[in-house]
Amino acid sequence: MKKDSDSSSHGWLYYTLWGIAIVILLFLNYMYFYKHTSSNSEVINDYALKDEDLNDVRIPAVAGLFYPADVYQLSDMVDNYLQQAQSGNTQRPHIIIVPHAGYQYSAQIAANAYKKLLPFQKEIKKVILIGPSHYVALKGVALSPSKSFKNALGNIQIDDEITKILSTFEGFSYNEAAHKKEHSLEVQLPFLQKILSNFTIVPLVYGQVEPQILADALKPFIKRKDVLVVISADLSHYLDYDTAKIVDGVTIDMVEKSQPLEEHQSCGAIGINAAILLSKYGNLHPRLIDMANSGDVTGGKDRVVGYASWIFDKSKESEIKKTPLEQEVENLNNFARHNGEKLIEIAQKSLETAIKFNEKYKPSRKEYPDVLFNKGASFVTLNKQGNLRGCIGSLFPRQAVALDIAANAYAAAMEDERFEPVKPEELPLLDISISLLSGYEPINYKDEEDLLKQLQPGIDGLVIRDGDRQGLFLPSVWKQLPESKEFLNNLKIKAGLSPSYWSNNIKVYRFRVVEIKKNAN
């Protein structure tokens, strides 16, 4: 009996020892394989960046979506927006606020502000771009670690000097992800490339940050002559048209009075509030340049987005005296903004009536607002697939602008002696452009050379008169004849004069136009 007990004890001990040995062996194996499977064969001393890690250039994120990706289409589009923008009598802007939607919606509003920078294009060398983050949850302000920003028009270098200084401020840090997909800064670049001669940028994307932090960091730069601050911001989002007009009107009034905005008033309220703080430090004054919303462009009035642009300079608006011509242009712009759709509708009805039935359309007061029966001078230009198809206009406001446009649309289609009458099958292919003419401002000059110096390419329409000979070019002719000498010589030819002819008795008048366009479907 005792023998059986000893045998059982030895068996238990035998199996226990084997179990312990197996556990130890498994543990040693685990440690061996863990050590080797959790490590690579390389050592960090040999680490080298891969191509995808070398993000020296920030690649466009919204080219082809917010604006054309093709260099020629983008260049032509921005040129067209800037050409339609009016030049103005301003001092040097130190801050501008511009929208950041797709170009079809807001680019003209932005262009109207960017055009104000043209006289200072050689002075501005550094542009601090500030916009809200749309894609990355962010605290503070993101600097870009890239060396340059790229688009179809070329590369723009990032300014090392200012970027390094800002990186020392609390709340500012490098964050590539915040910039990678962000459009609020990207859409501004083509306008800057067209306006400025040679410049670097400091791209700043902000999230949750106090406007005062932004303003404090930028204070050292706001008074520098070579620095421009660009604030990217839209206004109200997805209200109906009439409500948006009221809400954005309140916002605009608050900015004009340098009052801080609530966050819901703008996609970019923090940036705008920082601009207001900076303006007080730099003794700058905000001036509204333009405003509209997406409903003014698309016609859809249920859910719209608001846009506006401002410049901040050292002169209050009341102190900047407009010339009579500049005031007329401002009035025409306001008229076109509120009545442009109706004017295009009149031109379209006139063309359809003329081309389909060879009859003249006469708009009535029952159909259209009373203001359209104020007198006005207009030109109607028809283009077909990029080629001129007819252009007729009036030099002076002798009849209601509604009647003038209807008559000129008929004449451009049926009576322009340079072309055959437009055929019905061509109607869907026609681009329509209506030019509303200002009054005429005489140009006093010493000689032909002095006259050429006074011309403003892309802006001035011109009339020359010598005895009973007269010629007129719309500002759009500058696209084909960009040099002043060439422009004037061709105008002489149109007036029936030799291009080499000159007399100081020639009377010269400049005028401006506000253009309203509708492209073919």
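Helices (H or I, at least four residues) and strands (E, at least two) are DSSP runs, numbered from the N terminus. The model described here is a predicted one, where local features need pLDDT of at least 70, side-chain atom pairs count only at pLDDT 80 or more, and totals for chains, interfaces and linings use all residues. Residues are numbered from 1 along each chain as its sequence is written, and side-chain values rest on heavy atoms, with hydrogens and water left out.

Helix α9 makes a good starting point. This helix runs over residues 269-282, 14 residues in total, and it reaches 20 Å from its first C-alpha to its last, close to the 20 Å expected at 1.5 Å a residue. The expected span of a helix is 1.5 Å times one less than its number of residues. To talk about what is hidden, a cut-off is needed: buried means under 20% relative accessible area, exposed over 50%, and partly exposed in between (1.4 Å probe, protein chains only). Of the 14 residues of α9, 11 are buried, so the helix is largely enclosed by the rest of the structure. Among them are A269, I270, G271, I272 and N273 at one end of the list, and L278, S279 and G282 at the other. And what do these buried residues pack against? Their partners are the strands β2 (95-98), β8 (200-206), β9 (227-232) and β12 (304-313), together with the helices α7 (211-222) and α8 (241-256). Right after α9 comes N283, with a positive phi near 55°.

The same helix turns up again in the nonpolar cores. A nonpolar core is a set of buried Ala, Val, Leu, Ile, Met, Phe, Trp, Tyr and Cys residues joined through side-chain atoms within 4.5 Å. The largest one has 39 residues, and I95, I128, I130, L166 and L204 have the most contacts inside it. Its largest share, 7 residues, comes from α9. A second, separate core holds 38 residues, including V78, Y81, A110 and L129. As for L166, its contacts (heavy atoms within 4.5 Å) take in L143, F172, V202, L204, A217, L218 and F221, once neighbours within four places in sequence are set aside.

T163 sits in helix α4, residues 160-166. At 5% relative accessibility, T163 counts as buried. Leaving out neighbours within four places in sequence, T163 is in contact with L143, I158, Y174 and V202.

Further along the chain, helix α14 (residues 484-494) has S484, F487, L488, N489, L491 and K492 buried. The buried residues of α14 pack against α13 (448-454), β17 (461-466) and β18 (469-473). After α14 comes G496, whose phi is positive, near 85°.

Two other residues have a positive phi although neither is a glycine: Y238, at about 65°, and Q385, at about 55°. Y238 lies in strand β10, residues 237-239, and is partly exposed, with a relative accessible area of 47%. Q385 belongs to the loop between β13 (378-384) and β14 (387-393), and at 61% relative accessibility it counts as exposed.

V62 is found in the loop between β1 (57-58) and α2 (71-84). Buried or exposed? V62 is buried, with a relative accessible area of 4%. Not counting residues up to four places away in sequence, V62 touches Y67, H183, E186 and V187.

Now for the empty spaces. On a 1 Å grid over the protein atoms alone, a cavity is a set of points where a 1.4 Å probe fits but cannot get out, while a pocket is an open set with protein on both sides within 12 Å along at least five of seven lines; lining residues have an atom within 4 Å of a point. Grid points are joined across faces, edges and corners, and a volume is the space filled by probe spheres set on the points. The structure holds 1 cavity of 30 Å³ or more. The largest cavity has a volume of about 30 Å³, and its lining includes P99, Y103, A110, V187 and F191. Helix α3 (residues 103-114) gives the largest share of that lining, 4 residues.

The second largest pocket holds about 310 Å³ of space. Its lining is made of 18 residues, of which L332, K375, G376, A377 and L437 lie nearest its centre. The elements giving two or more residues to this lining are α11 (324-357) and β15 (430-437), and the largest share, 4 residues, comes from α11.
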